[in-house]
Amino acid sequence: MAVITPARPSGYGRLLPLAAAGTAGALAVALLLGPTGTTGATGTRDTASTAPPVTDAVVGAAPVVQGPTVQSAAYTTAVQAAAATKPKVTVIGTGGTIAGVAPTRSDFTNYRAGQIPIGTLVGQIQPEVGALADVSTVQFGNSGSGGYTIPQFYELTAAVEAALRTADGVVVTTGTDTMEEFAYWLDLTVQSRKPVVLTGAMRPWAAGTVDGPQVIGADGPANLFNAISLAASQKTFCFGTVLMLNDEFHAARDVTKTSTTRMDTFQTRELGVLGWIDGPAIRVARAPARVEQCDTPRSWATPFDLSTIPVTALPRTEIVYTYQQAGGEPITAFAQAGVKGIVTAGTGAGGVSGPQGQARTAAARDFGVVFVSTSRTGSGSVTGGSGNVVAGGDLLAQKARLLLMLSLAFAPGDADKARQWVGSIGNQEFVPVKSPRDRIPRPSA
Ligand code: SIN
């Protein structure tokens, strides 16, 4: 098992997110990996060696905290290999604004997405990107992200797996509207530990024609360049799928689109970014918990190996939103239409309206529908749940929906299995999992 050395000798293995890394941000917690840090070319710090401790100071901050390290043979090998030989990266294009064409160079919001072939986009960042990696391209599709179907998601997983048989990493370009769903789907289904990086753009690439001049301030070229650079570096080996935009990369599970038009639209509320790319420096600040299993590939991989099920096994799974006096009819209609799983985006810690609650009980009883309860607040956890109602933790509704769909495909109608997978895969923690409250003495029974 890979070992995560915690930032502080606290006794629990959960890495501190940057946002929580000390009082008022006074402490910097950095997972320093690779040649940009003080950790040497191997990218990992051997705590038994005489290498100096990894530190990262913040101007004006008093204490300096030793950064956590990923101690995994597989991770180290991947990062070392990337530094020693030029990696192979395959870019799979699916369309979106990054492949968009606007009427003029100053049309930032008026354009047609999914126009430019991925080979043309990569061609326009050559020869520079060729110095980082041997880049090949696959045109999976070329349209807006929202139009993709679940059967196409199933095919996309196969395309990524096929590319990773020979490539060291994959970049997938998509529209940003549902990029977080593309990303989490791949995170849940790709069985390879190699880096998968999603990217796109908030501004169209070209003006006039597919090979026209670049739109003023187009973010696509830099995002594509950085995404290839990140995949080539192997610094997210075993991280699962990550999403890279605006010089920052995020865990697929956590990230969400927060603005219709801003370049910094992708945010990971509560936890913050995994890391960032400042020119040639790729800095990894924290890691998804699954990296802990990096040296045991079978534990690292999810059970959702799509090569073992037909696409038809993926059941219809929907989302229902809660609001003041929300009616129960949508739940009833979905159940009657054959929907097997429903995620509720409830108020506060997952509340549903009275009519929704009654419809939910009936749908579970009469149709065996499995529910996952999430919150419309966008952050914070939903706990509890029983029977056919599974608590989604802090999964966003659109992420919980994909996990519920996969759970019900691999264990049809099984609410207990869904509960287990939502709790473990969907809400992974570093082990040993301990709460500070465990230190509070309890009276013996
Ligand atoms: C889309 O999601 O395809 C359009 C919006 C975008 O790419 O930013």
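Contact here means that heavy atoms lie within 4.5 Å. The structure is a predicted model, in which local features need pLDDT of at least 70 and side-chain atom pairs count only at pLDDT 80 or more, while totals for chains, interfaces and linings use all residues. Residues are numbered from 1 along each chain as its sequence is written, and side-chain values use heavy atoms, with hydrogens and water left out.

With that meaning of contact in mind, one can begin at A232, which sits in helix α5, where helices (H or I, at least four residues) and strands (E, at least two) are DSSP runs numbered from the N terminus. Because its relative accessible area is 5%, A232 is buried, a label given to residues under 20% relative accessible area, with exposed meaning over 50% and partly exposed in between (1.4 Å probe, protein chains only). Not counting residues up to four places away in sequence, A232 touches A82, P87, V89, L132 and A133. Between A232 and V171 the C-alpha to C-alpha distance is 9.6 Å, although 61 residues separate them in sequence.

Beyond helix α5, the chain leads to a covalent link, for the structure holds one disulfide, defined as a pair of cysteine sulfur atoms within 2.5 Å. The partners are C238 and C294, with an S to S distance of 2.1 Å, and the link is right-handed, with 80° about the S-S bond. This pair links distant parts of the chain, 56 residues apart: C238 belongs to the loop between α5 (220-233) and β9 (241-245), and C294 to the loop between β14 (281-284) and α6 (297-300). Both cysteines, C238 and C294, are buried.

Another buried position is G275, in strand β13 (residues 275-278), and G275 counts as buried because its relative accessibility is 0%. Apart from neighbours within four places in sequence, G275 is in contact with D247, E248, F249, R283, V284 and A285. For D247, the separation from G275 is 28 residues in sequence and 8.8 Å in space, C-alpha to C-alpha.

The ligand offers a further point of orientation. Around the ligand stand G96, T97, G144, S145, G175, T176, D177 and A201, a residue being near a molecule or strand if one of its heavy atoms lies within 4 Å of it. This shell is made up of one nonpolar, six polar and one charged residue; Ala, Val, Leu, Ile, Met, Phe, Trp, Tyr, Cys and Pro count as nonpolar, Asp, Glu, Lys and Arg as charged, and the others, Gly among them, as polar.

Several of these residues approach oxygen atoms of the ligand. A side-chain N or O atom of T97 is 2.8 Å from a ligand oxygen, a polar side-chain atom of T176 lies 2.4 Å from a ligand oxygen, and for D177 a backbone N or O atom lies 3.0 Å from a ligand oxygen. Taken alone, the ligand exposes 250 Å², of which the protein buries 90%; accessible areas come from the Shrake-Rupley method with a 1.4 Å probe, and for residues only the protein chains shown count as cover.

Two residues of the shell also lead to K257, in strand β11 (residues 256-257). The side chain of K257 makes a polar contact of 2.7 Å with the side chain of T176 and another, of 2.8 Å, with the side chain of D177. A polar contact is a pair of N or O atoms within 3.5 Å; within protein, one must be able to donate a hydrogen and the other to accept it, and residues adjacent in sequence count only if both atoms are side-chain atoms. K257 counts as buried because its relative accessibility is 18%.
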